[in-house]
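Dear colleague,

Please find the structure you asked about below. My notes on it follow, for use when you open the file.

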Amino acid sequence: MTILEQQGAAAKAASRVLACAGTAKKNEALAAVAEALWNGRQEWLDANAEDVAAAKEAGISEALLDRLTLTEARIAGITDAIRQVIALPDPIGTVTRMETRPNGLIIGRRRVPLGVIAIIYEARPNVTADAAVLCLKSGNTCILRGGKEAIRSNRCAVRLMRQALESAGLPADCVSLVQDTSRESANELMHLNDYVDVLIPRGGAGLIRSVAKNASVPVIRTGEGVCHIYIDSEADLDMGAEILFNAKCSRPSVCNAAECVLIAEDVAEDFLKKAVPLLEQKHVELRCCEKSLAILGSRGIPATDEDWDSEYGDYVLAVRIVRDAAEAMDFIADHTSGHSEAIVTRNYFTAQKFLDTVDAAAVYVNASTRFTDGGEFGLGAEIGISTQKMHARGPMGLEELTSCKYVIYGEGQVR
């Protein structure tokens, strides 16, 4: 067996124990994990500082560097999120259906864990804790494969969590980390069919598309975020400018950040006068269609065809002027990744048409796309934002990490 196959076998064995652990035992383990991460925070920060230094030397972008960096405040947020997950209802064992058939059989449907969840992600050490905790609460073991940029941080976090699990009486192999960050290890994980029940890629569009194309294990696509803000001709332009600024600039590296603004031509010049000064605070590069470039002049640069489908993850924004809401919705249909889309308008009927027509996991009226997040939706932490339609869509909280099985009670019935 390869090292990764050994990890898979250990995770599969641990999954049988965790599936029957019960809510109290899982919550005890999660509390131990939160305590271990907090008590070991200096060790975690030191490991992260080495990752950050190496990333800077490698020339990583400021936006990606922000994703990579841990602070004591961020670790406090991670441990607070774990305690919030402890307080959430445990979905495992919930009976969602129970009925008696004419032949006397009692047939029920019960929520169960998916089993072994593999997660491939990039330079975000917080995902290491978030993913592990959600898997544990929902009765799933996990095999984590982070990017090379965060390998020291991830090794430290996983070691602390594994020690905490053992102290709480659960197998350490409920959580494991792939130590090899090469392309080969990712490829092997994608084909670990004997051990992995589902694979969740969490990162940029390139990673997600590669996993979806090459994996032989079942995949749930998450995180690919080409998100649009449409400024309608009947929008409150001041509101629209603030929403766009928040959606683009509050944290440009995350998947719910806006990548393209569509503006109704009737208000384009007035809106840009309000929005551009805000965007200039963060030196946002504007990649413009011909009409918007005519308004912005040297402040923008000409967009290419690739810009309308790009997830920049940086202070870059595509700008396009459209005729009206109908054209905006057609454009979104052609270029959306299915993550989050927003309209700013005071017209109720236009807003409803947008909600009905636009096909995405989350569709907003007069609000920033940055709210597409498990915590903001009241789900606690989430393992990612699913942009597909099968099994789960939107923030993947605890319930989305479960499957079901039928349980049947009889009294000797035969067919």
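**Salt bridges**

D307 and R287 form a salt bridge, with the closest N and O atoms 3.0 Å apart. This is a predicted model, and every value in this message is computed from it. The two residues belong to distant parts of the chain, 20 residues apart: D307 sits in the loop between strand 10 and strand 11, and R287 sits in strand 9. D307 is buried, because its relative accessible area is 6% and the cut-off for buried is under 20%. R287 has a relative accessible area of 23% and is therefore partly exposed.

A second salt bridge joins D238 to K274, where the closest N and O atoms are 3.2 Å apart. D238 lies in helix 10 (residues 237–249) and K274 in helix 11, so this pair ties together parts that are 36 residues apart in sequence. Both ends are partly exposed: D238 has 46% relative accessibility, and K274 has a relative accessible area of 34%.

A third pair is R323 with D324, with the closest N and O atoms 3.6 Å apart. R323 is partly exposed at 49% relative accessibility, and D324 is also partly exposed, at 29%. Elsewhere, E50, D51 and R152 are linked in a network of salt bridges. Over the whole structure the search finds 24 salt bridges.

**The sheet**

The model contains an open sheet of 7 strands in the order 10-9-11-8-7-12-13, with parallel pairing. Strand 10 (300–302) and strand 13 (362–365) are the edges; each has a single partner strand, so one side of each is left without a neighbour in the sheet. From one strand to the next the twist averages 25°.

At one edge, strand 9 (residues 285–288) pairs with strand 10 in the parallel sense over 3 bridges. Within that pairing, C288 stands opposite P302 of strand 10. Helix 11 (residues 268–280) packs on the sheet and touches strand 7 (227–231), strand 8 (258–264), strand 9 and strand 11 (316–322). The direction of helix 11 makes about 155° with that of strand 8. Helix 11 is also the helix that holds K274 of the salt bridge with D238.

Helix 13 (residues 325–335) lies across strand 7, strand 8, strand 11 and strand 12 (340–344). Helix 13 runs at about 175° to strand 7.

**Strand 7**

Is strand 7 buried or exposed? Of its 5 residues, 5 are buried, so strand 7 is largely enclosed by the rest of the structure. In a regular strand the side chains alternate between the two faces of the sheet. Both faces of strand 7 are covered, with C227, I229 and I231 buried on one side and H228 and Y230 buried on the other. Strand 7 pairs with strand 8 in the parallel sense over 5 bridges, and L262 in strand 8 is the bridge partner of Y230.

**A nonpolar surface patch**

V95, M98, I106 and Y409 form a nonpolar patch on the surface. Together these residues have about 350 Å² of accessible area. M98 belongs to strand 1 (residues 95–100) and counts as partly exposed, at 42% relative accessibility.

Regards

Definitions and conventions: Residues numbered from 1 in each chain as written. Predicted model: local features only at pLDDT ≥ 70, side-chain atom pairs only at ≥ 80, totals over all residues. Heavy atoms only, no water. Pairing = 2+ DSSP bridges. Helix = DSSP H or I, 4+ residues; strand = E, 2+ residues; numbered from the N terminus. Axes fitted to C-alpha atoms, helices over the stretch in contact; angles between N-to-C directions. Contact = heavy atoms within 4.5 Å. Patch = residues over 30% accessible without salt bridge, like charges linked within 9 Å, V, L, I, M, F, W, Y side chains within 5 Å. Areas by Shrake-Rupley, 256 points an atom, 1.4 Å probe, with all protein chains shown as cover. Salt bridge = Lys/Arg side-chain N within 4 Å of Asp/Glu carboxyl O. Buried < 20%, exposed > 50% of the residue type's maximum accessible area, 1.4 Å probe, protein only.
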